[in-house]
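Colleague: I'm new to reading structures, so please take me through this one in small steps. Start with a word I'll need.

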Amino acid sequence: MRPETSVVILRSRSNWPMTAICAGTLCVTFQAGIANANHACDLMTVSELETVLGSPVAMKGAAPMASGKTEICTGQTPTAAVTLRLATGLNPDRDRSGSKEKAGLELFKNMGARVEVKRFGPIICSTIEPPEHMQTGFNTTCTVVKDTAVAGIEVTAKSRADMVAIEKLHPLAEKMATRF
């Protein structure tokens, strides 16, 4: 075997791992692009959330749910967890009576939780205050329902004192309704 030939063979073999690394990097970059395209994070700005929550919040998107129709963006403050949800591509003929949601709220009531629900046209907001023996998970949620999509903002506070009132969260839901 001539020396030049062995050099060519070595170069050929050494390019294969580099090609694999580049291909892997391209895949990771592509996946990062998908994660950055999370539309749930586009429903609210950090500034809008911080104004209502009264403290800094860092939001980050997650990969779409298994169905591919639901995207979630989560954040944390010192006193609460924030979740933005966006479900698209829904059947316009689906059941929108709210019977499943009502059943869930009844379950909380039966456990001794205090539940409040307010409707503002296509926006439904609720608060759930756990019973005295379960002093965690003080939740306020507002959901916007459209023909083929649903978006929601949820704030779960660590204590009753840190709970966000419906009157404070509802204006964010109004803004959210114009963004999907």
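Modeller: Let's start with "buried": it means under 20% relative accessible area, while exposed means over 50% and partly exposed is in between (1.4 Å probe, protein chains only). Also, this is a predicted model, where local features need pLDDT of at least 70, side-chain atom pairs count only at pLDDT 80 or more, and totals for chains, interfaces and linings use all residues. Residues are numbered from 1 along each chain as its sequence is written, and side-chain values use heavy atoms, with hydrogens and water left out.

Colleague: OK, let me try that word out. Is Glu129 buried or exposed?

Modeller: Look at its relative accessible area, which is 11%. The cut-off is under 20%, so Glu129 counts as buried.

Colleague: Now the inside. Which element gives the most residues to the largest nonpolar core?

Modeller: A nonpolar core is a set of buried Ala, Val, Leu, Ile, Met, Phe, Trp, Tyr and Cys residues joined through side-chain atoms within 4.5 Å, and helices (H or I, at least four residues) and strands (E, at least two) are DSSP runs numbered from the N terminus. The largest core here has 29 residues, with Leu49, Ile153 and Met176 having the most contacts inside it. Elements giving two or more residues include helix H2 (46–53), strand S3 (80–88) and helix H4 (166–177). The top contributor, with six residues, is H4.

Colleague: Why would such residues sit together?

Modeller: There's a general habit behind it. In soluble globular proteins, nonpolar side chains tend to be buried together.

Colleague: Which residues does Leu49 touch, not counting those up to four places away in sequence?

Modeller: Contact means heavy atoms within 4.5 Å. Leave out the residues up to four places away in sequence, and Leu49 touches Met44, Val57, Met59, Val82, Ile153 and Leu172.

Colleague: On to the sheet. Which strands stand at the edges?

Modeller: Two strands pair if DSSP finds at least two bridges between them. Seven strands make an open sheet with antiparallel pairing, in the order S1-S2-S3-S7-S6-S5-S4. A strand with a single partner has one side left without a neighbour in the sheet, so the edges are S1 (58–61) and S4 (114–120).

Colleague: How many degrees are neighbouring strands turned against each other on average?

Modeller: Axes are lines fitted to C-alpha atoms (for helices over the stretch in contact), and angles run from 0 to 180 degrees between N-to-C directions. For this sheet's average, direction is ignored, and the answer is 15 degrees.

Colleague: And the helices? At what angle to S6 does H4 run?

Modeller: H4 lies across S4, S5, S6 and S7. Its angle to S6 is about 30 degrees.

Colleague: How many bridges join S6 to S7?

Modeller: S6 and S7 are linked by a hairpin through three residues, and Thr143 stands opposite Gly152 in S7. The two strands run antiparallel, and the number of bridges joining them is eight.

Colleague: How many of the eight residues of S6 are buried?

Modeller: S6 is largely enclosed by the rest of the structure. That follows from the count, because the number buried is six.

Colleague: Which cysteine forms a disulfide with Cys125?

Modeller: A disulfide is a pair of cysteine sulfur atoms within 2.5 Å, and these two sulfurs are 2.1 Å apart. Cys125 lies in S5 and its partner in S6, so the pair ties together parts 17 residues apart in sequence. Both cysteines are buried, and the partner is Cys142.

Colleague: How many residues apart are Cys41 and Cys73?

Modeller: These two are joined by a disulfide as well, with an S to S distance of 2.1 Å. Cys41 is in the loop between helix H1 (3–36) and H2, Cys73 is in strand S2 (residues 70–76), and the gap is 32 residues.

Colleague: Last topic, charges. Which residue meets Glu48 in a salt bridge at 3.7 Å?

Modeller: A salt bridge is a side-chain nitrogen of Lys or Arg within 4 Å of a carboxyl oxygen of Asp or Glu. A search of the whole structure finds eight. Glu48 is buried, with a relative accessible area of 12%, and its partner at 3.7 Å is Lys175.

Colleague: Which residue of S5 does Arg160 tie to?

Modeller: Their side chains meet in a salt bridge at 2.6 Å, N to O. Arg160 lies in the loop between S7 and H4, so the pair ties together parts that are 31 residues apart in sequence, and the S5 residue is Glu129.
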